[in-house]
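This report describes one helix pairing, the surroundings of the ligand and one loop residue.

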Amino acid sequence: MYNRRPEFREYTGPRTGSYQVLEEIGRGSFGSVRKVIHLPTNKVLVRKEIKYGHMNSKERQQLISECAILSQLKHEHIVEFYEWDSDKDVLYFYMEYCSNGDLSQMISFFKKQRKYIPEKIVWSIMVQILIALYRCHYGADLAPLETIYDRTKPPVKGSNIVIHRDLKPGNIFLSTERVPDPLAAPQTLDYSKVSVKLGDFGLAKALGASVEFATTYVGTPYYMSPEVLMDQPYSPLSDIWSLGCVIYEMCTLRPPFQAKTYSELQRKIKAGNFDRIPEYYSDELQKLIESCIDPNLRTRASTYSLLQDPQLRVARKSLQLERFEDNLMDYEKELMNIGDILERQAGEYEAELAVIKYQYRKEFDAAVEQRVREVLNGKKVTGTPEIMAGRNHLHRPDYHWRVKGR
Ligand SMILES: Nc1ncnc2c1ncn2[C@@H]1O[C@H](COP(=O)(O)OP(=O)(O)OP(=O)(O)O)[C@@H](O)[C@H]1O
């Protein structure tokens, strides 16, 4: 039986044993994918199921250390990997749930509409993928751009470098706003401000050692680089090849290399020849794709070199500005919300104060009347009734001028 490794204790994400398992949302080469609710936080997550009974202890060990790396990979553009757990011969990965679909669905959407994906969206998606790849390929976050003229400093390679190894439209999740038009179909998404998250980072490596993975990986390797097809080791540049194929597909709505047979596909990938993207798109975009889909590893672009591209710097800066604007709008909404709460509290305070004043007046008048009556009746009076002695009785309503929940 396979035991938990000490690394399990280091996780800060939701703990296992407290999930409610919901419906299956899909099936991949590794197994089924389900929605689950993490009960303590009520958060919907995704659970990927992988049968690992056939793995030997070395393979399991490798899987564990890969998972430990993945669980530390926290990034705005990477699907969060919370934790994993095992049950007999099944391994469960708990991940962030991305509810707005993936790039393959977006490509199908534009294909059905017989429209090109606007170039601005292509640049924006590309730059977000590159920002995530930078974090993985160099083990450090990319610093924000001050101006579009800034050159990114050469990266210093950190530890825990991760190669995606399976970059494809189905692994690029999107979050988008729903179209505000009430007459639009309910599932219509507004792709003009799309935010990207890469999923399945490094999982292919974690599972690569498994015989089952090698035999069940049935997907067509449209995005696989020539060196990987030739059984050479993966490198970050293999991800760049795949990125080039993904960007190409966004522009042409089909992958750059297609064939009827596997061997023909292999031959085409190794030759690395593909048609130009439609004239609708700029030469700069075509050149960038060519620098990624380059069979020669010596001349193929890297994540770092791509990020120096002027168009990508503009795309990065405008992404930063959009985020800044979104944050400002959120902040403004929050302030307006706080204003409303304070105004309501002030109204409640005034109302309560009026009731207390009225009560006090009533008690005061009653005490005065009583005292006058006693004097008129010749009763000997001593001392002043408390209510008449001062304002001690007028206690203010118990309000703390605080916005609840902050
Ligand atoms: N984090 C997630 N959030 C939402 N849906 C997801 C998530 N991860 C996977 N899915 C969905 O579950 C289905 C299966 O995903 P999975 O990644 O296992 O396989 P795949 O990418 O389709 O194929 P392969 O395993 O061959 O790469 C897909 O439809 C995918 O969109």
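## Helix packing and ligand site

Helix H3 (residues 119-138) and helix H11 (residues 310-376) have axes that come within 9 Å and cross at roughly 85 degrees. H3 is therefore roughly perpendicular to H11, a label given to angles of 65 to 115 degrees. Axes are lines fitted to C-alpha atoms, for helices over the stretch in contact, with angles running from 0 to 180 degrees between N-to-C directions. Helices (H or I, at least four residues) and strands (E, at least two) are DSSP runs numbered from the N terminus.

On the H3 side the contact (heavy atoms within 4.5 Å) involves Lys-120, Trp-123, Ser-124, Met-126, Val-127, Gln-128, Leu-130 and Ile-131. H11 contributes Gln-311, Leu-312, Ala-315, Arg-316, Leu-319, Glu-322 and Arg-323. By class, the contact of H3 with H11 has eight nonpolar, three polar and four charged residues. Ala, Val, Leu, Ile, Met, Phe, Trp, Tyr, Cys and Pro count as nonpolar, Asp, Glu, Lys and Arg as charged, and the others, Gly among them, as polar.

The model is predicted: local features need pLDDT of at least 70 and side-chain atom pairs pLDDT 80 or more, while totals for chains, interfaces and linings use all residues. Residues are numbered from 1 along each chain as its sequence is written, and side-chain values use heavy atoms, without hydrogens or water.

The ligand is surrounded by 18 residues, each with a heavy atom within 4 Å of it. Ser-29, Lys-48, Glu-96, Cys-98 and Lys-168 are the closest. The shell divides into seven nonpolar, four polar and seven charged residues. Strands E1 (19-27) and E3 (43-51) each supply at least two of them, and E1 gives the most, with three. Polar contacts of the ligand (N or O pairs within 3.5 Å) include these:

| Ligand atom | Protein partner | Distance |
|---|---|---|
| oxygen | Lys-48, side-chain N or O | 2.6 Å |
| nitrogen | Cys-98, polar backbone atom | 3.0 Å |
| oxygen | Asp-166, side-chain N or O | 3.4 Å |

Asp-141 lies in the loop between H3 and strand E6 (172-178). Leaving out residues up to four places away in sequence, Asp-141 touches His-75, Tyr-134 and Arg-135. Its side chain makes a polar contact with that of Arg-135 at 3.4 Å; within protein, one atom must be able to donate a hydrogen and the other to accept it, and residues adjacent in sequence count only if both atoms are side-chain atoms.

Definitions and conventions: Parallel < 35°, antiparallel > 145°, perpendicular 65-115°, else oblique.
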